[in-house]
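Hi,

Here is the structure I said I would pass on. Have a look at it first, and then read my notes underneath.

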Amino acid sequence: MPQFRTTRHIDGDYTLKETDAYKHFDDSIAAICDFDRSDYLYEVPYGTLVKSGFPNLITAGRTASGEGYGWDVLRVIPPAIITGQAAGIAAYLSIKENCGIDKVNVSNMQKILSEQNVMIHFDDSLIPKDRGGKKVQIGHI
């Protein structure tokens, strides 16, 4: 059976792109590295897993919202595991908070993930000096 890697993924509230390397997101649910270039750091915004207006839809791993190489970064096993963990916590919080999964309190999710030893934001000291060390804060909550 042929495997088509990029046939299905959501058009989430945010789409991760290769140019998002070294950017911080207020709604980050995990910090990951590029499997091929381990010094490229990414944060995964919650918006890559959900779409506003779809209260019962969440995804993780290769079906998360990414384009180009940004999707390649999300599709491999370690990011798939961690986005799956975040999706499970989001489902729990959706029930607990009696709201759609697209309206979950991301701060509560980040707190639970942090308690489970998930790195939410990468440390800026890990940015390689030859990458310009540019620190960009982007909010998506």
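Let me begin at the start of helix H3, where Asn 105 has a side-chain oxygen that comes to within 2.9 Å of the backbone nitrogen of Ser 107. Keep in mind throughout that this is a predicted model.

H3 itself covers residues 106-115, and its buried residues are Val 106, Met 109, Gln 110, Ile 112 and Leu 113. They sit on the same side of the helix, because the arc they cover around the axis is only 165°. Strand E2 (28-33) and helix H2 (77-96) are among the parts that cover these buried residues. After H3 comes Asn 117, which has a positive phi, near 65°.

Now turn H3 around: on the other side you will find Lys 111 and Glu 115, both exposed. Lys 111 has a relative accessibility of 51%, and Glu 115 has a relative accessible area of 53%; the cut-off for exposed is over 50%, so both make the list. Their side chains form a salt bridge, with N and O 2.7 Å apart. In sequence the two are four residues apart, about one turn of H3. The general rule fits in here: an α-helix has 3.6 residues a turn, so residues three or four places apart point the same way.

Helix H1 (residues 69-75) has a pair with a similar layout. Asp 72 and Arg 75 both belong to H1 and are three residues apart, again about one turn. They too are joined by a salt bridge, at 3.2 Å from N to O. What about their surroundings, buried or exposed? Both Arg 75 and Asp 72 are buried, whereas Lys 111 and Glu 115 are exposed.

A further salt bridge links Asp 34 to Arg 37, and its closest N and O atoms are 2.8 Å apart. Here the two partners differ in burial: Asp 34 is buried, at 0% relative accessible area, while Arg 37 is partly exposed, at 23%. The cut-off for buried is under 20%, which means that Arg 37 falls outside it.

How many salt bridges are there in the model? The count comes to six, and the ones I have gone through include Lys 111 with Glu 115, Arg 75 with Asp 72 and Asp 34 with Arg 37.

If you open the model in a viewer, I would start with H3 and turn it to see the buried residues and then the exposed pair on the other side.

Cheers

Note on methods. Residues numbered from 1 in each chain as written. Predicted model: local features only at pLDDT ≥ 70, side-chain atom pairs only at ≥ 80, totals over all residues. Heavy atoms only, no water. Buried < 20%, exposed > 50% of the residue type's maximum accessible area, 1.4 Å probe, protein only. Arc of directions from axis to C-beta. Contact = heavy atoms within 4.5 Å. Polar contact = N/O pair within 3.5 Å; in protein donor to acceptor, adjacent residues only side chain to side chain. Salt bridge = Lys/Arg side-chain N within 4 Å of Asp/Glu carboxyl O.
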